[in-house]
Amino acid sequence: MNNWKDPLGSNRIGLWLADRNDRKRNNIARIAARWGWVKPLGERGKVIWVIAGASRNSVRLAVELVRAIREKRLDIRLVLTFEQDYPELLNALDDCDKTGWGLAPCDHPRALERVNERLSPYGIIVIDTQPRPNLSALLSQHERVLVVNPPQTVAYKCERIYNGTGNGELAPPADMLAILAQAQIDPNFKSLVNHGIERHLWWLHDDASNTSSALITQFKQQTTNDVLFVSGAKPDGNFIAISSWDRSPIPGGSIVWVDDDKWLTAISAAVTATHLVSIDPTVLWQAMAGGAAISCQQHHDLPKTSLHEAITACADPTTLWQDYRDNPILARQRGDSARRLFWQERRLAESTSEELVARVFEW
């Protein structure tokens, strides 16, 4: 977005409006960050600038990589910038010495020039974000730039690309978001929900409620005993928000909206099957790590073709779920297949992440 509505673009009118709005909210620090008034912590040591975007996945992955780099290199100074603040994720950096973080500068040439002068970065790592034009031009001028999970083909010059394509050396394709999935899961959640009742639990994920509304209606027509967890967009109609659940038995036929992602790990291991209307990589890897059978709307939405063998493509999961009720062994086999492919990706991602950290170690 490079227009006057972009608070981090290069358009003078857009930046003036963003500054005015921040000044009204007395958010002077945001204005300073927008114009590149940043500096690294500590007095000595090379500076590595880690650039994250606005998405939660981008910031979460950046935080994990900063921590991994810090464990290997104690002498360098690390600076993480991001477009959206997620305090609950950034708390993980509190114990990292010589590590600073803050909101990103805008794409105006003067702001980027100021950041470049103040940080004088020895190396730069761009994580799961598409740099705007002037930042792309700045990156092309640097000798040491690594790019992780680029959302588009990388057009600027860089040293190495992880899980993407473009103008740089390509690492083996492995999604490092797979490392963030919780693979060791407490199995007690199902007992807590069912309180001794024999029934199935199901999980539906959709970033928009249009499709899930029809599927929820079909689910209710199909069963009055099972429980459906819905993540992503808020479902229509009556539901129980999991953040307000008091741990009492959940009535059969209930729709439970997962309005707090911390529950997804437990849900992934408790359900019989999961259907992904939309594909969020973090949700996908967590669902596969949980070991339940998985389906999606269309195979081409998946990040890798190798996943097709384990994930069923279908528009109506309720028919598939009835098959699983009739044949639990089939559901278990498909869940095992998904979990096997998750571990395959996880090991590859861990190996690739270690290679990235080792490369930074050599800088």
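Ser 231 stands opposite Val 258 in strand 11, and this pairing belongs to the contact between strand 9 and strand 11, which run parallel and are joined by four bridges. The model described here is a predicted one, and its protein chain holds 12 helices and 14 strands. Strands 9 and 11 both belong to an open sheet of seven strands with parallel pairing, in which the order is 10-11-9-8-12-13-14.

**The sheet and its strands**

- The edges of this sheet are formed by strand 10, covering residues 240-241, and strand 14, covering residues 311-313, each of which pairs on one side only.
- Strand 10 runs parallel to strand 11, which spans residues 255-258, and two bridges join them; within this pairing, Ile 240 stands opposite Val 256 of strand 11.
- Strand 9 also pairs with strand 8, residues 201-206, in the parallel sense and over six bridges, and here Leu 201 is found opposite Val 227 of strand 9.
- Because five of the six residues of strand 9 are buried, this strand is largely enclosed by the rest of the structure.
- As a general point, the strands of a sheet pair through backbone hydrogen bonds, and they may do so in either a parallel or an antiparallel way.

**The loop leading into strand 9**

- Between helix 8, residues 209-222, and strand 9, residues 227-232, there is a loop, and Thr 223 lies in it.
- Thr 223 counts as buried because its relative accessibility is 10%, and the cut-off for that class is under 20%.
- A polar atom of the Thr 223 side chain lies 3.3 Å from the backbone nitrogen of Asp 226.

**Helix 10 and its two ends**

- Helix 10, which covers residues 281-290, is mostly covered, since nine of its 10 residues are buried.
- The buried residues of helix 10 include Thr 282, Val 283, Leu 284 and Trp 285, and the list continues through Gln 286, Ala 287, Met 288, Ala 289 and Gly 290.
- At the N-terminal end of helix 10, Asp 280 acts as a cap, with a side-chain oxygen placed 2.8 Å from the backbone nitrogen of Thr 282.
- Just after helix 10 comes Gly 291, which takes a positive phi of about 90°.

**Domains and the chain as a whole**

- The protein chain is divided into domain 1, residues 31-171, and domain 2, residues 187-347, and the centres of these two domains, taken over C-alpha atoms, are separated by 35 Å.
- For 363 residues, a compact globule would have a radius of gyration near 21 Å, and the value for the protein chain is 23 Å, which agrees.
- Taken along the principal axes, the C-alpha atoms of the protein chain fill a box of roughly 65 × 45 × 35 Å.
- Of the 363 residues in the protein chain, 51% count as buried, while the area that the chain exposes is about 16,700 Å², with carbon and sulfur atoms supplying 49% of it.
- Among the contacts between residues at least 6 apart in sequence, 62% join residues that are at least 24 apart.

How values were computed:
Residues are numbered from 1 along each chain as its sequence is written. This is a predicted model: local features need pLDDT of at least 70, side-chain atom pairs count only at pLDDT 80 or more; totals for chains, interfaces and linings use all residues. Side-chain values use heavy atoms; hydrogens and water are left out. Two strands pair if DSSP finds at least two bridges between them. Domain bounds come from an automatic or database domain assignment. Buried means under 20% relative accessible area, exposed over 50%, partly exposed in between (1.4 Å probe, protein chains only). A polar contact is a pair of N or O atoms within 3.5 Å; within protein, one must be able to donate a hydrogen and the other to accept it, and residues adjacent in sequence count only if both atoms are side-chain atoms. The radius of gyration is taken over C-alpha atoms; the globule rule is 2.2 Å times the number of residues to the power 0.38. Contact means heavy atoms within 4.5 Å. Accessible areas come from the Shrake-Rupley method with a 1.4 Å probe; for residues, only the protein chains shown count as cover.
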